[in-house]
Amino acid sequence: MGPTKVIVKGHGIYDAMTGKLIQGGFTSPQALQDYAAHHYIVLPEVDKAGRPWELDGNPVYCLRGARYESLDELPLHLSRCPDCGGMGIRTDEITVESDCIRCVQCGHEFDTRLEMMET
């Protein structure tokens, strides 16, 4: 069992499973981040513009740095777009050398293994 997954509505955060208010009155995204850092909750992933990641209409959560999960705790094979911070999904290609990922926000294609080798 991991941290409580929450959703943001207006100026409050709600339990994503029950819809129950956890805390309200947040005035900025930074205040939300500060609250999440000091409590056992996880906020939905967002891109650089602040738009939340959604897969099939459900929020996506990042646990332990690079592990993405759905609300149902199913592991998701996603990556963060280096350009816009959006959600990158693997494309179905039949090549072994490539691990091509396409961002759903901006359409940018990138290869995470290649980028890791370059850095």
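The largest share of the lining of the largest pocket comes from α1, which gives three residues. Before going on: this is a predicted model. The volume of the largest pocket is about 340 Å³. Two elements, β1 (4-9) and α1 (29-38), give two or more residues each to its lining.

The lining has 14 residues. The ones nearest the centre of the pocket are Val8, Leu32, Pro44, Val46 and Gly50. By residue class, ten of the lining residues are nonpolar, three are polar and one is charged.

Let me stay with α1 for a moment. Which residues of α1 are buried? They are Leu32, Tyr35 and Ala36. Around the helix axis these residues cover an arc of only 100°, so they sit on the same side of α1. Ala37 and His38, on the other side of α1, are exposed. Leu32 therefore appears twice in this account: Leu32 is among the residues nearest the pocket centre, and Leu32 is one of the buried residues of α1, under the 20% cut-off for relative accessible area.

What covers the buried residues of α1? The cover includes four strands: β1, β2 (12-15), β3 (21-23) and β4 (41-42). So β1 is part of that cover, and β1 also gives two or more residues to the pocket lining.

Next, the aromatic rings. A pair of aromatic rings is described by two quantities, the distance of the centres and the angle of the planes. The count for this model is two aromatic pairs. One of them is Phe26 with Tyr35: the ring centres are 5.4 Å apart and the planes meet at 65°, which is over the 60 degrees required, so the pair is edge-to-face. Both partners, Phe26 and Tyr35, are buried.

Now the chain as a whole. The protein chain contains two helices and 13 strands. Of its 119 residues, 35% are buried. If we take contacts between residues at least 6 apart in sequence, 32% of them join residues at least 24 apart.

Leu55 gives us a case to look at on the strand side. Leu55 is in strand β5, residues 54-55. Is Leu55 buried or partly exposed? Its relative accessible area is 24%, and buried would mean under 20%, so Leu55 counts as partly exposed. Leaving out residues up to four places away in sequence, Leu55 touches Val60, Leu76, Met87 and Ile89. Of these contacts, take Ile89: Leu55 and Ile89 are 34 residues apart along the chain, and their C-alpha atoms are separated by 9.9 Å.

Last, some backbone angles. Asp56 is not a glycine, yet its phi is positive, about 55°. Where is Asp56? Asp56 lies in the loop between β5 and β6 (58-59). With 75% relative accessibility, and the limit for exposed being over 50%, Asp56 counts as exposed. Glu73 is another non-glycine residue with a positive phi, in this case about 65°. Glu73 is also in a loop, the one between β8 (67-69) and β9 (75-76).

To recap on α1: the helix gives three residues to the lining of the largest pocket, its buried residues are Leu32, Tyr35 and Ala36, and Tyr35 pairs edge-to-face with Phe26.

Definitions and conventions: Residues are numbered from 1 along each chain as its sequence is written. This is a predicted model: local features need pLDDT of at least 70, side-chain atom pairs count only at pLDDT 80 or more; totals for chains, interfaces and linings use all residues. Side-chain values use heavy atoms; hydrogens and water are left out. On a 1 Å grid over the protein atoms alone, a cavity is a set of points where a 1.4 Å probe fits but cannot get out, and a pocket is an open set with protein on both sides within 12 Å along at least five of seven lines; lining residues have an atom within 4 Å of a point. Grid points are joined across faces, edges and corners, and a volume is the space filled by probe spheres set on the points. Ala, Val, Leu, Ile, Met, Phe, Trp, Tyr, Cys and Pro count as nonpolar, Asp, Glu, Lys and Arg as charged, and the others, Gly among them, as polar. Buried means under 20% relative accessible area, exposed over 50%, partly exposed in between (1.4 Å probe, protein chains only). The arc is that of the directions from the helix axis to the C-beta atoms. Contact means heavy atoms within 4.5 Å. Rings of Phe, Tyr and Trp (its six-membered ring) pair if their centres lie within 6.5 Å; planes under 30 degrees apart count as stacked, over 60 as edge-to-face and the rest as tilted.
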